[in-house]
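Colleague: Hi! Do you have a few minutes to walk me through this one? I'd like to go through it piece by piece.

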Amino acid sequence: MGDTVILKGQVLSFTASPFCPEPTGAARFDDALAMTGGRIAAVGRLDTLRAAHPDARILDYGGHVIMAGFVDAHVHFPQTAIIASWGKRLIDWLNSYTFPEEMRFADPAYAARIAARYLDLTTAHGTTTMCSFATIHPESVNAFFAEAQARGQRVVAGKTCMDRNAPEGLRDTPQSAYDDSKALLDRWHGVDRISYAITPRFSPTSTPEQLDAMGALWAERPDCLMQTHLSEQVDEIAWVKNLFPAARDYLDTYEAHGLLGARGLYGHAIHLEDRERARLREVGGALIHCPTSNTFIGSGLFDLAGLMAGGHRIGLATDTGGGSSFSMLRTMAAAYEIGQLRGTPLHAAQLLWLATAGSAEALHLGDRIGNAVAGHEADLIVLDLASTPAIAQRHAEAGDIWDSLFATIMMGDDRAIQEVWIGGRRT
Ligand code: GUN
Ligand code: ZN
């Protein structure tokens with residue numbers, strides 16, 4: 001057991017979902033964590049872990065919090081270089097900024113450069129797993145997976161499929177989308193820590209024939225996730241109604257083509273109708289909340305508290321680059337602010353759970369990542385609770401650890417991420 005490392009600090013883990021009357025009761029703090037061979041071996045008292053692993057190297061992080069790395073359940077890595085682009089709402093934003101940038105990913109060298117840049121940035125922000133849209137180019141998927149594989153990172157991604165309402169050069173066909181997705185899936189799904197997600201962008205950019213092809217592929221490979229967008233903006237929903245006059249609602253454009261299921265990830269899901277909520281709840285599909293994107297693009301206020309209470313599976317995400325930050329801390333802060341606007345403030349324990357275990361469960365990876373518990377993969381971050389003068393002075397006045405964690409959630413950024421471990425290796 002010579003390769004065991006023990007981290008000493010305030011180790012935060014969850015024993016249950018904190019979406020309950022006493023959120024802090026779902027969390028616990030231990031003083032040490034041992035990892036061996038890329039996995040967490042044990043969490044507990046330092047003397048106990050030291051006795052069990054006498055040869056272990058011990059790293060003392062003092063009062064820092066040691067917890068699972070953040071899990072970002074919906075991103076577009078190809079939008080890294082256009083994050084924070086001014087002044088547009090969804091459809092104009094796609095046409096003005098997103099599509100021209102995504103066109104550049106026909107060049108594998110550019111795709112590789114942005115994949116590396118994106119993973120450098122997200123690692124610095126404490127995100128160790130993400131579920132990403134690529135572009136229509138298979139090269140963009142290969143670039144992302146190859147970079148993640150070299151870093152030993154657990155990631156999910158897929159080729160974004162579009163065969164209409166996108167510019168020339170950014171459209172595939174039902175058949176090529178099926179063939180390319182299947183080839184990528186066969187090449188990458190289950191290799192090392194990589195999973196493939198079947199990825200129709202959203203109903204407006206796919207013909208019914210393409211949605212059928214994606215549904216057929218998912219039926220052949222039900223072990224894969226399927227990711228898309230749902231009911232993000234009011235104008236978009238009106239457009240979907242025009243494009244699919246026979247559909248009962250937006251969700252029905254997926255449901256009718258075999259794209260509604262428990263392993264489905266539906267990004268945004270802000271303006272849902274009663275039937276859509278009921279069907280998503282019934283099948284167990286995950287809704288992915290992207291709060292900085294929803295305020296930045298002006299989409300609306302996601303009903304996190306209501307949907308949680310209704311028993312929905314919910315993940316948290318940056319939606320880079322519609323979202324305005326790579327930071328899951330900033331994303332938690334935005335989720336808190338949206339909760340406030342709806343009269344439902346979230347507890348720090350709930351925010352941290354959403355950014356780790358909640359998102360991992362949405363991705364059906366909750367048995368491997370998203371919690372600092374024995375048996376999980378050793379994707380960990382060390383959080384400094386006094387990372388800037390402004391946060392340090394608030395931390396000094398904090399009543400308890402939750403008070404401190406909340407200040408870091410609201411005011412923190414990559415400076416709060418002291419260290420990141422991926423698969424038991426320090427980055
Ligand atoms: N809907 C379809 N594509 C996108 C995208 O790239 N970003 C966001 N925020 N919404 C979308
Ligand atoms: Zn998105």
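Modeller: Happy to, and we can take the domains, the helix packing, the ligand and some backbone details in turn.

Modeller: Please keep in mind that this is a predicted model.

Colleague: Sure. How is the chain divided into domains?

Modeller: There are two parts: domain 1 covers 5–69 + 370–426, and domain 2 covers 70–362. Their C-alpha centres lie 28 Å apart.

Colleague: And how many residues of each domain are in contact with the other?

Modeller: On the domain 1 side 31 residues take part, and they touch 31 residues of domain 2. The elements of domain 1 that give two or more residues to this side are strand S4 (57–68), helix H15 (401–411) and strand S15 (417–422).

Colleague: Which of them gives the most?

Modeller: That is H15, with six residues. By class, the domain 1 side that touches domain 2 has 18 nonpolar, eight polar and five charged residues.

Colleague: Let's stay with H15. How does helix H13 cross it?

Modeller: H13 spans residues 348–362, and its axis comes within 9 Å of the H15 axis, crossing at roughly 55 degrees. The two helices are therefore oblique to each other, and their crossing is left-handed.

Colleague: Which residues meet there?

Modeller: From H13 you have Ala348, Ala349, Leu351 and Leu352, and they meet Trp402, Leu405, Phe406 and Ile409 of H15. This contact of H13 with H15 has eight nonpolar residues, with no polar and no charged ones.

Colleague: Nice. What about helix H14 against H15, at what angle do they cross?

Modeller: H14 is made of residues 389–396, and its axis and that of H15 cross at roughly 160 degrees, coming within 9 Å. That angle makes H14 roughly antiparallel to H15. H14 passes H15 in a right-handed crossing.

Colleague: Who makes the contact on each helix?

Modeller: H14 brings Ala390, Ile391, Arg394 and His395, while H15 brings Ser404, Ala407, Thr408 and Met411. In the contact of H14 with H15, four residues are nonpolar, three are polar and one is charged.

Colleague: Back to H13 for a second. How does H12 pack on it?

Modeller: H12 and H13 pack at an angle of about 130 degrees, and their axes are 10 Å apart. That pair is therefore oblique as well, with H12 passing H13 in a right-handed crossing.

Colleague: And the residues in that one?

Modeller: H12 contributes Met328, Thr331, Met332, Ala335 and Tyr336, which meet Leu351, Leu354 and Ala355 of H13. Leu351 of H13 is also among the residues that meet H15. The contact of H12 with H13 divides into seven nonpolar residues, one polar and no charged.

Colleague: Changing topic: what surrounds ligand 1?

Modeller: The shell around ligand 1 consists of His76, Leu90, Leu94, Thr98, Arg201, Phe202, His229, Glu232, Ser293, Ile297, Asp319 and Gly322.

Colleague: Which element gives the largest share of that shell?

Modeller: Helix H2 (residues 90–103) does, with three residues. The shell as a whole divides into four nonpolar, five polar and three charged residues.

Colleague: Last thing, the backbone. Where is the cis peptide bond?

Modeller: Look at the bond from threonine 320 to glycine 321, where omega is near -5 degrees. Glycine 321 sits in the loop between strand S13 (313–316) and helix H12 (328–341). Asp319 and Gly322, from the shell around ligand 1, are also worth finding while you have that part on screen.

Colleague: Which residue has a positive phi although it is not a glycine?

Modeller: Serine 231 does, at about 45 degrees. You'll find serine 231 in the loop between strand S10 (225–230) and helix H7 (234–243). In the sequence, look also for His229 and Glu232, both of which are part of the shell around ligand 1.

Colleague: Great, thanks for the tour!

Terms used: Residues numbered from 1 in each chain as written. Chains lettered and ligands numbered in written order. Predicted model: local features only at pLDDT ≥ 70, side-chain atom pairs only at ≥ 80, totals over all residues. Near = placed C-beta within 6 Å. Helix = DSSP H or I, 4+ residues; strand = E, 2+ residues; numbered from the N terminus. Nonpolar A, V, L, I, M, F, W, Y, C, P; charged D, E, K, R; others polar. Domains from an automatic or database assignment. Contact = placed C-beta atoms within 7 Å. Axes fitted to C-alpha atoms, helices over the stretch in contact; angles between N-to-C directions. Parallel < 35°, antiparallel > 145°, perpendicular 65-115°, else oblique. Left-handed = near helix turned anticlockwise from the far one by under 90°.
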